[in-house]
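Please open the structure in your viewer and keep the sequence beside it, and then follow the stops below in order.

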Amino acid sequence: KANPTLPVETVFKLPAPLPIWPSGTRFATRFLSLGDLIVSKATYFKVVWRTHSGGPDNLGATFFEPSTTAQGYKVLGYYSQPNNKPFTGRSVLAFDRYFRGNMKAPVDYNYVWSSMYSSDIDQDGFGYIWWPKCPDGYKALGLVVTNATQKPSLDKINCVKAELTEQCQHFNWIWGAEGINFYTTRPSTRGTQAMGVHLGSFVAQVGGVMSDIACLKNTNSDLSSMPTLEQIEPIIKAYSPWVYFHPDEKYLPASVEWFFENGGLLYKKGDEANPVPIMPDGSNLPQGGSDDGAYWLDAPADSDARDKVERGDLARAKVYVHVKPMFGATFTDIVIWIYYPFNGPATIKFKFLNIKFDHLGEHTGDWEHVTLRVNNFNGELKSIYFSEHSGGKWVDATDIEFQDRNKAAVYASKHGHAFYSKPGLVLDGSDGIGLRNDCEKADLYLDTGFSYTLVSAEYMGTAVVEPTWINYSRKWGPQAAIYIQDEFDKIMKRLPKFLRGPFKSVFYKLPIKILEEEGPTSIRIKSSWNGDEI
């Protein structure tokens with residue numbers, strides 16, 4: 001019988017056309033410089049082999065041969081993706097700009113695996129996987145797929161000089177069957193200073209052994225593909241998310257400056273009785289150093305003033321933007337930071353009961369963020385990172401809920417402010433027990449593109465004037481004086497007797513983030529400031 005139409009058979013497009021970006025550097029010009037090589041995206045993809053089961057959502061995967069009409073550009077690896085998502089087709093091709101022999105055809109192919117011997121695979125024909133055997137001093141950056149037993153032609157793929165490559169690692173699972181698994185690849189070392197390039201190729205794991213595949217490298221740390229100051233603003237305007245808050249949210253965001261103006265205090269260890277009011281621009285905050293516990297911030301001591309600060313001020317809220325290069329400057333990460341003066345108490349789900357803590361989970365100061373990953377070849381949004389308490393996850397643009405053209409909907413959980421891509425309950429735990437993260441689309445929302453401050457784009461040098469407070473590296477809140485045993489005793493008294501034993505056995509196994517009441521660190525000393533999110 002005929003197989004139904006698969007999501008991969010539809011090409012993914014953002015809801016609205018991309019804007020015309022202001023001219024400037026190589027950003028969004030389709031051709032990016034990596035020093036010795038020029039790279040471009042493949043423009044054509046030919047289906048070589050497809051499976052119809054296994055993989056994510058048990059829909060199989062499709063394997064493609066990439067190509068381009070651009071003269072002199074060579075394929076470095078074939079492309080594959082699961083069938084459960086629309087086709088996105090990222091595959092990087094390379095051109096030897098100085099004709100110095102930086103790329104060469106393989107001398108042969110080594111057979112990796114074939115589906116011909118797997119009778120339980122629902123597939124269109126048979127697939128054969130080949131690893132290019134490179135000349136001495138060159139490395140393979142991808143695999144070749146055919147649908148016939150003959151070895152592929154040597155001109156199907158190119159190898160690259162070893163000194164122009166970086167170590168690679170497998171990342172997301174694409175598809176697998178007995179004895180074989182396929183994964184996407186990414187550079188092993190990632191961050192603002194790392195120059196490994198994400199190619200869009202895949203790697204095969206046969207019998208637990210991963211095929212030897214490298215990544216490309218931006219050899220001269222060429223940042224000419226990064227957006228200029230004039231290009232950043234339209235990128236933010238095009239993709240800035242709307243953050244939706246729960247209708248019962250009491251603790252809303254504000255601006256850092258609003259917190260300072262409304263009584264924010266600076267405390268010093270050993271002189272806790274004499275806190276200092278913070279200047280409106282944060283100019284009296286200690287600069288540099290480390291998170292050594294010598295200083296911390298807190299809300300005003302007066303109860304009325306403190307209550308006002310803790311509730312935030314959505315009308316005065318703004319976001320703070322950090323722009324940084326990723327994957328050898330072939331992507332731009334636009335990190336959007338949101339400041340909450342206060343993080344509210346947690347609620348846990350215990351089977352059929354919802355247990356609200358009085359204070360557990362509370363802390364002064366709460367930094368949350370989303371990261372927009374933008375493709376520097378054309379300026380298209382590829383994915384968004386949603387921070388979730390002490391972690392988070394990347395969500396592909398194919399799975400984003402868009403509104404107002406190409407702007408994502410982001411849902412902030414009640415009191416805890418973790419970010420999610422969909423509304424509803426996300427339970428941080430298992431077996432019906434864990435931290436509740438309740439999200440809803442309400443009239444309370446923040447358009448992050450309406451009021452923002454660009455706080456850092458270090459690759460531009462001094463072009464961005466950084467606010468003083470960005471270099472404050474200590475805690476944005478004190479160590480809260482909350483006694484876990486007292487909270488536990490209060491809950492035990494509320495519970496029916498038959499539930500007290502089971503609750504006692506799981507209380508101290510709850511996610512550690514519920515039991516943390518310490519204010520957040522400065523955003524600049526977080527590992528993601530110069531590194532990748534995950």
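Two strands are taken to pair if DSSP finds at least two bridges between them. Keep in mind throughout that this is a predicted model.

Begin by selecting residues 165-166, which make up strand β15, together with residues 215-217, which make up strand β21. These two strands pair in the antiparallel sense over 2 bridges, and Thr165 is the residue that stands opposite Leu216 in β21. Now add β18, residues 196-197, and you have an open sheet of 3 strands, ordered β15-β21-β18 with antiparallel pairing. Its edge strands are β15 and β18, each of which pairs on one side only.

Next, move to the open sheet of 4 strands whose order is β1-β2-β7-β5, again with antiparallel pairing. Select β1 (31-33) and β5 (74-75), which stand at the edges with a single partner strand each, so that one side of each is left without a neighbour in the sheet. From β5, 2 bridges lead to β7 (residues 92-96), which runs antiparallel to β5, and there Leu93 is the bridge partner of Val75.

Finally, select helix α4 (residues 484-494) and helix α5 (residues 497-507), whose axes come within 10 Å and cross at roughly 155 degrees. Angles over 145 degrees count as roughly antiparallel, and α4 and α5 are therefore roughly antiparallel to each other. The crossing of α4 past α5 is right-handed. To see the contact, display the side chains of Ile484, Phe488, Ile491, Met492 and Lys493 in α4, which meet Arg500, Phe503, Lys504 and Phe507 in α5. By class, this contact has 6 nonpolar and 3 charged residues, with no polar ones.

Note on methods: Residues are numbered from 1 along each chain as its sequence is written. This is a predicted model: local features need pLDDT of at least 70, side-chain atom pairs count only at pLDDT 80 or more; totals for chains, interfaces and linings use all residues. Side-chain values use heavy atoms; hydrogens and water are left out. Axes are lines fitted to C-alpha atoms, for helices over the stretch in contact, and angles run from 0 to 180 degrees between N-to-C directions. Angles under 35 degrees count as roughly parallel, over 145 as roughly antiparallel, 65 to 115 as roughly perpendicular and the rest as oblique. A crossing is left-handed if the near helix is turned anticlockwise from the far one by less than a right angle, and right-handed if clockwise. Contact means heavy atoms within 4.5 Å. Ala, Val, Leu, Ile, Met, Phe, Trp, Tyr, Cys and Pro count as nonpolar, Asp, Glu, Lys and Arg as charged, and the others, Gly among them, as polar.
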